[in-house]
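Q: Please take a close look at a single helix in this structure and describe its setting and its charged contacts.

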Amino acid sequence: VEPLGTHHVLRIGGDVRFRVIDGEAVVLRQSAAEVLVMNEVAARMLELADGAAPVARWVDALLAEYETDRPTLERDVLELAATLVSEGILEPVAGEEGMGGI
Amino acid sequence: MSFGEAFLATPDLFPGRSAGEAWGERTFALRLPGGTCRIAGLSPAQDEAVRLRFGPSIPDRAGPPDLRVFRAAESDFRAVDTRGWEYAADLGFAPGSLRVAGLRLMARLDWSPAPCASLWTPDAGSAAFAGIFENVLRLLTAYRLRPAGGAVIHSAGIAIPGWGVFLGVGPSGAGKTTLSLRARERGAVVLSDDLNAVLPAARSGRAGGGGWTAAHLPFTGDLGASPRAGAAGALTLRAVLRLEKSEEDALLPLSRAEAAATLLASAPFLNRDPYRREALLADLLELCGSVPAYALRFSLGPRVWSILETLWNPSARTTSCGSVETSASG
C-alpha cells in the first residue's frame, strides 16, 4: 500500500457524521456506538476533507491559520490523516474520482 | 450474527406489527417524565409483579395504551446459558420501528407518531417478569422523552436542597453508586444511581422554566430506591460531571463538545440508534450550552464532597467565565 502523501484526496467515511462545536469535532459513526471528540486541527481536517482537494491544499489552508512551518505542518497533517484513515473516519477517493487513490 | 439469533428460535418470525393474544385484561399506569405511561394486557400475576416493582398504579388508566403485553410461546426462545455473561438485548433499528430480542422477550417500538411498545413474553408473571417488563419500559421511556427533546442518561442524579441537581455521568464502574453513597451521607437526595431523565425546562411541565431539568426515574442501580426521590419532581439541572477515577480529586471544566459526547455515549439505546442519534446530539449540545460541565476526577473517598460543594457554595473560587477550578490532593 502506497503511504499517504500530500497528493492524495480524502473524504469523510461513508458512515461518519460530525459536527464542529467551538472548534472541536464531535464524530459519530453509524456502524458503532462510540462518540469521538477531536481537537481543533482534526476538526479543520474533517471540514477540509471534501473528496476533491488533495491533502496539499489542506496544508495551504492550515498554514494560513497556524504559526508553523510547512514541513512540520505537512508531517503532522499526514500523520493525523493516516490515523483517521486507519480508523475509518477518512477514506481515500480512489481511481478517477480523485487525484490519486492510495 | 444477525438480529435475534442469540435469543430467538426463529428470528424470521419476529412479529411485524403490534398484534397478538393479550395475557389478560389488567391495566396499569405510572407517571414518568414525558407523561403518563399506560400498560394493557397484563394477567393478574403480571400485574402483581409490576406493582411489587413499581408500586401501585396511578388512577389515570384511561386512554390508549403505551405498552401492550402479549403471549409468546416458550418454544419461540432459545435456552441461553447466562453464566459469566453480561446481558444486553439485541436491538434492530429501522426508521419507523425498533425491534428488541432478549431473554424470554420480544418487543417492538412503533411510531404512530408517538412511540408505542409491544411486548411478547412466555412469562405468566413470575418474579422474572418484572425484570422483563422493566427492560422494555426502560427502552420505551428513553424514546418517549425524545419528542420533548429529553433523554435518559446513565448517571447518578444528586439533588442538593435549594440548589438543584448535578448528574455524575459515566459507564458501569465509573463511580456512580459510590458518589451516590457519598451524597446520601451528606443529606443529599439521590434521584437514581443508574438512570435519570433530562428535559428542557419548558417541556418538563415546570412553570416559568428556562434551562434544563433532571427528573427521577423508577430505575435504580445497586443503591436501590430512595424514598424521597420520587417526590422530587423535575428539578433544575445545574451541572453535568463526567466521572473519572483518579488518585487525586479535582473538578475541571469540560468543553461543550466533550460534555455532549459524554452525555450521548451515556444515553442508553439511543446512542446506538443510527436513525435518531444525530437529533439527540443536537439536543444534548443545546443542554451543554446552558448547563456547565466538568470532569470530576475522584478517588472514591469522602474528600470529593468538599470539591463538589464549590458548585453550590457561593464562596467557591470562580474564573471569569464562571467555571470552578479547584482540587484537593494528598
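A: In this predicted model, B:Asp47 and B:Arg51 are four residues apart in helix H1 of chain B, which means that about one helical turn separates them. In general, an α-helix has 3.6 residues a turn, so residues three or four places apart point the same way. The two side chains form a salt bridge, with 2.9 Å between the closest N and O atoms.

The partners differ in exposure. B:Asp47 has a relative accessible area of 1% and is therefore buried, the cut-off being under 20%. B:Arg51, at 27% relative accessibility, counts as partly exposed.

B:Asp47 belongs to a set of buried residues in H1(B), which spans residues 44–54; the others are B:Gln46, B:Ala49, B:Val50 and B:Phe54. These residues lie on the same side of H1(B), because the arc they cover around the axis is only 160°. The elements that cover them include four strands of chain B, namely E1 (26–32), E2 (35–42), E3 (67–71) and E7 (115–121), together with helix H2 (127–144).

Just after H1(B), B:Gly55 adopts a positive phi of about 85°.

Other charged contacts occur in chain B. B:Arg53 is linked with B:Glu134, B:Arg138 and B:Asp194 in a network of salt bridges. Strand E3, one of the elements covering the buried residues of H1(B), has a salt bridge of its own: the side chains of B:Glu21 and B:Arg71 meet at 3.4 Å, N to O. B:Glu21 lies in the segment before E1 and B:Arg71 in E3, so this pair ties together parts of chain B that are 50 residues apart in sequence.

Note on methods:
Residues are numbered from 1 along each chain as its sequence is written. Chains are lettered from A and ligands numbered from 1 in the order in which they are written. This is a predicted model: local features need pLDDT of at least 70, side-chain atom pairs count only at pLDDT 80 or more; totals for chains, interfaces and linings use all residues. Side-chain values use heavy atoms; hydrogens and water are left out. Buried means under 20% relative accessible area, exposed over 50%, partly exposed in between (1.4 Å probe, protein chains only). Helices (H or I, at least four residues) and strands (E, at least two) are DSSP runs, numbered from the N terminus. The arc is that of the directions from the helix axis to the C-beta atoms. Contact means heavy atoms within 4.5 Å. A salt bridge is a side-chain nitrogen of Lys or Arg within 4 Å of a carboxyl oxygen of Asp or Glu.
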